[in-house]
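Open the model in your viewer and keep the selection tool at hand. This tour goes stop by stop, saying what to select and what is there.

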Amino acid sequence: MPKQIDFQKVAMETLSIEQKALETLAAQIDDRFSKACQIILQCQGRLVVTGMGKSGHIGRKMAATFSSTGTPSFFMHPGEAGHGDLGMLVHGDVLIAISNSGKSDEIMMLMPLIKHLKVPLITISGDDQGPMPQNADVALTLGDIQEACPLGLAPTSSTTATLALGDALAVALLDARGFTANDFAMSHPAGALGKRLLLHVKHLMHTKDALPKVSPDTPMNKVLYEISNKRLGLTTIVDDNDVLLGIFTDGDLRRLIDKQQGFDVNLKIADVMVKNPLTISQEARAVEALALMNEKKINQFVVVNDLTQVIGVISMHDLIQAGVN
């Protein structure tokens with residue numbers, strides 16, 4: 001039977017120990033950190049991260065963070081590297097090797113080849129006494145950290161500190177490169193930020209045969225067919241050069257019926273269309289289009305070019321379906 005313990009108390013003690021580990025790490029940040037950043041900034045290749053066991057799991061996350069913040073990076077498993085994957089590492093790369101003890105056998109086995117390739121080596125370890133940091137161009141250290149594991153065996157505080165140090169490197173490099181939200185979105189096209197920054201009206205608007213258009217002398221029965229057939233809740237009214245003259249929506253139709261108690265199907269659309277409707281550029285961001293629709297309390301925008309020619313229609317449904325919010 002498991003012994004009775006206060007789970008919340010253990011959780012708070014664990015977090016307290018790991019918080020102290022981060023404070024210990026903060027005291028280790030010095031010129032070595034700056035030198036490591038300079039080496040990575042000068043890298044002509046990729047930033048390669050390696051580590052065994054739990055250090056490897058942290059290394060994978062570090063590589064992913066570097067890659068998404070402007071520093072091309074990937075993880076290399078040190079065990080597999082000894083069986084062919086070391087070909088991933090080439091002259092011009094920079095290697096970050098993680099080992100809390102500073103003496104991972106799998107990484108030390110690679111050291112002669114790392115030196116042969118003249119790849120700058122940055123190590124992350126508890127202290128600078130192991131053979132790994134002794135062979136490093138820059139040896140980053142975590143300091144004397146107590147593991148949160150009560151047995152002092154499972155990597156806990158040390159992996160938290162290593163992850164935080166990786167984040168510190170990534171953020172420092174991001175800042176030095178002048179990396180922007182737009183740059184971030186380029187590597188996250190499927191994410192919410194990517195959609196907010198990368199999707200423009202032109203990517204979602206209805207064009208060509210899907211675009212509802214009628215001439216100003218079109219009778220109402222044909223106007224209604226165009227609105228129904230194109231399924232966008234409106235039609236644009238254009239001249240012979242596709243210049244926008246007005247729009248007519250299904251809401252306008254309901255108001256017309258209420259006002260006139262019905263209408264003549266032969267009525268020309270020019271007599272009832274809404275002139276000077278709100279329009280939007282195809283280069284506008286999709287998120288801006290959605291914000292304007294909400295602000296103006298409308299469900300569609302007519303998209304026009306610099307000559308006020310109709311080139312598309314975009315609806316709120318299109319934006320929501322695309323995940324824009």
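## Stop one: the E10-E11-E12 sheet

Select isoleucine 280 and valine 303; isoleucine 280 stands opposite valine 303, which belongs to E11. The model is predicted. Now widen the selection to strand E10 (279–280) and strand E11 (residues 300–304). Two bridges join E10 and E11, and the strands run parallel.

Add strand E12 (310–315). The three strands make an open sheet, ordered E10-E11-E12, with mixed pairing. E10 and E12 are the edge strands; each has a single partner strand, so one side of each has no neighbour in the sheet.

How do E11 and E12 pair? They are antiparallel, over five bridges. Pick phenylalanine 301 to see one position: isoleucine 314 in E12 stands opposite. Then go to the hairpin of E11 and E12, where five residues lie between the strands. Stop at threonine 308 there, which takes a positive phi near 60°. E12 is mostly covered, with five of its six residues buried.

## Stop two: histidine 200

Select histidine 200, in the loop between helix H10 (192–198) and helix H11 (201–204). Is histidine 200 buried or exposed? Its relative accessibility is 18%, so histidine 200 counts as buried, the cut-off being under 20%. Show its contacts beyond the neighbours within four places in sequence: Gln282, Glu283, Ala284, Arg285 and Ala286.

## Stop three: the E6-E7-E8-E9 sheet

Select strand E6 (213–214) and strand E9 (274–275). They belong to an open sheet of four strands, in the order E6-E7-E8-E9, with mixed pairing. E6 and E9 stand at its edges with a single partner strand each, so one side of each is left without a neighbour in the sheet.

Add strand E7 (residues 234–238). E6 and E7 pair in the parallel sense, over two bridges. Lysine 213 is a good place to pause: threonine 236 in E7 stands opposite.

## Stop four: strand E1 and its partners

Move to strand E1 (residues 47–51). Five of the five residues are buried, so E1 is largely enclosed by the rest of the structure. Turn on side chains. Which residues point which way from E1? Leu47, Val49 and Gly51 point one way, Val48 and Thr50 the other, and all are buried. In a regular strand, side chains alternate between the two faces of the sheet.

Now select strand E2 (residues 73–75), joined to E1 by three bridges and running parallel. Valine 48 has phenylalanine 74 as its bridge partner in E2. Trace the chain from E1 through helix H3 (residues 53–68) to E2: this β-α-β crossover is right-handed.

Then select strand E3 (residues 94–98), also parallel to E1 and joined to E1 by five bridges. Valine 48 has a bridge partner here as well, leucine 95.

## Stop five: the cores

Select Phe66, Ile96, Ile122, Ile124, Leu140 and Leu169. Of the 29 residues in the largest nonpolar core, these touch the most other members. Which elements supply at least two residues of this core each? Colour helix H1 (7–26), helix H2 (31–41), E1, H3, E3, strand E4 (121–125), strand E5 (138–141) and helix H8 (157–177).

Centre on leucine 140. Leaving out neighbours within four places in sequence, leucine 140 is in contact with Arg32, Phe33, Ala36, Ile122, Thr123, Ile124, Ser125, Leu165 and Leu169. Another core, of 18 residues, lies apart from the largest one; among its members are Val201, Ala284, Val303 and Val324. Valine 303 takes you back to the opening stop, where isoleucine 280 stands opposite.

## Last stop: the whole protein

Zoom out and show everything. The protein has 15 helices and 12 strands. Its radius of gyration is 31 Å, well over the 20 Å from the globule rule for 325 residues, so the protein is more spread out than a compact globule. Turn to the principal axes: the C-alpha atoms fill a box of roughly 90 × 55 × 35 Å.

How many of the residues count as buried? Of the 325, 42% do. Draw the surface: the accessible area comes to about 17,700 Å², and 53% of this belongs to carbon and sulfur atoms. Finish with the contacts between residues at least 6 apart in sequence, of which 65% join residues at least 24 apart.

Key: Residues numbered from 1 in each chain as written. Predicted model: local features only at pLDDT ≥ 70, side-chain atom pairs only at ≥ 80, totals over all residues. Heavy atoms only, no water. Buried < 20%, exposed > 50% of the residue type's maximum accessible area, 1.4 Å probe, protein only. Pairing = 2+ DSSP bridges. Right-handed = clockwise from strand over helix to strand, strands pointing away. Core = buried A, V, L, I, M, F, W, Y, C linked by side-chain atoms within 4.5 Å. Contact = heavy atoms within 4.5 Å. Rg over C-alpha atoms; globule rule 2.2 N^0.38 Å. Areas by Shrake-Rupley, 256 points an atom, 1.4 Å probe, with all protein chains shown as cover.
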